[in-house]
Amino acid sequence: MVRVRFAPSPTGHLHVGGVRTALFNWLFARCHQGRFILRIEDTDLRRSKKRFLDEILESLEWLGLKWDEGPYLQSKRLKVYQRYTRRLLDEGKAYQVKGRAIRFRVPPSKVKIEDLVHGPIEFDNSLLDDFIIQKSDGLPTYNFACICDDHEMQITHVIRGDDHISNTPKQLALYQALNISHPKFAHIPLIMGQDRTRLSKRHGAIAITYYKKEGYLPRALINFLALLGWSPGENREIVELDEIISKFSLARVRKTASIFNLDKLQWMNHEYIKKMELDELTELLIPILMARGWIGRKYDRTFLKKVLKLFQSRMKTLKDITQLADYIFSKRMSFSRDANAMILKSPKIPHIFKALIERLSTMERFDAASVEACCRALIKELGLPSGELIHPARAALTGRTVSPGLFELMELLGPQKVQKRLEKVIKRYRRACD
């Protein structure tokens, strides 16, 4: 049975690169009906923090990367490492040095692996110095704890970033010294920024919790990260998870670095939001709207769904709703410079808005179709180009020059808000002209 592991260190935030590694391991396990093991490499007791561990667990759960075993904490497995250390010491393959640290005696041999991504790689151990496997405080070093755990946990495939290739000869030497078989290795290329330098914060290498807070969807992130270094073929961008799992293979992992493109992630997230069922989208947005104080525990769900439906196709992230729909929910409106210029540029505005208020006040039904018919009739009656009413009215009701359809917005705002906002703009115009 395929057994893979993701082994993060809780010494910092979980970033994009780490999650991509976790995802490739998880996909490989799911594709082969295997097991995905979570192991926490926390032997750096000074730098390891519970808050980082909690963040790792919460992020993986949020993304849907549920582990089958674990989390195993290396700090709880010291007796395992000590047993292997004693074996190497007894066989003369390791020795204690000043300060009580224990070094592994590297044999001057050559080793070779068939990397499942890069192909054959050969290492010359004569280039290695004897290295520490147990520190003076009794804790194991990374390379030693890693091979002990991979053997004990029966890991069949080690899928990790190719920055770990340099660790491989040390680990292979330890496997040989202990006379135990090593797993198959697959070193996946790193993720680079668009300037082809190592991924950093300025490129988007931010904690995964950031993307959650900013309103990215787990399924969009999974789709995006899966395509960083792997492809299902056919030059496709949007691929559902079931298909990613069924088609995933290490043979399709590229040997060259992938480029992290935040614009592409936003586009992909936008595509997923557009396709969401409105009820699901509503559930995701309710906490955001509550946090802004725009809705309370009791709210009109029917009205809320109408609002969200209007803005759904415009949202790149869930958090965008706070900017797109503020003039629907907020009691205080602000005007963009362009909107302000639009409502002040024509001396006809007060006359047009006054006529519009009077005409709207006589309507029996205030739905979008009826509002549009009323506005069109007024435009014709006043002999105006359509834009001389529609564009200033949009600016007056939203505080901006771009929005969803004006008549649908007027229906959502309702006759009282529409009248009140038009009247405020008339007063605003007159004050500006005085």
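Three worked exercises on this predicted model follow.

Residues are numbered from 1 along each chain as its sequence is written. In this predicted model, local features need pLDDT of at least 70, and side-chain atom pairs count only at pLDDT 80 or more, while totals for chains, interfaces and linings use all residues.

**Exercise 1. Determine how spread out the chain is.**

- The C-alpha atoms fill a box of roughly 100 × 45 × 40 Å along the principal axes.
- The chain has 18 helices and 12 strands (DSSP runs, H or I of at least four residues for helices, E of at least two for strands, numbered from the N terminus).
- Its radius of gyration is 31 Å, well over the 22 Å that the globule rule gives for 434 residues, so the chain is more spread out than a compact globule. The radius is taken over C-alpha atoms, and the rule is 2.2 Å times the number of residues to the power 0.38.

**Exercise 2. Describe how H3 packs with H4.**

- H3 spans residues 78–90 and H4 residues 142–152.
- Their axes lie 10 Å apart, at an angle of about 105 degrees (lines fitted to C-alpha atoms over the stretch in contact; angles run from 0 to 180 degrees between N-to-C directions).
- The helices are therefore roughly perpendicular (65 to 115 degrees).
- By class, their contact has seven nonpolar, two polar and three charged residues.

**Exercise 3. Is Arg39 buried or exposed?**

- Arg39 lies in strand S2, residues 35–40.
- Its relative accessibility is 0%, so Arg39 counts as buried (under 20% relative accessible area, 1.4 Å probe, protein chains only).

How values were computed
Heavy atoms only, no water. Parallel < 35°, antiparallel > 145°, perpendicular 65-115°, else oblique. Nonpolar A, V, L, I, M, F, W, Y, C, P; charged D, E, K, R; others polar. Buried < 20%, exposed > 50% of the residue type's maximum accessible area, 1.4 Å probe, protein only.
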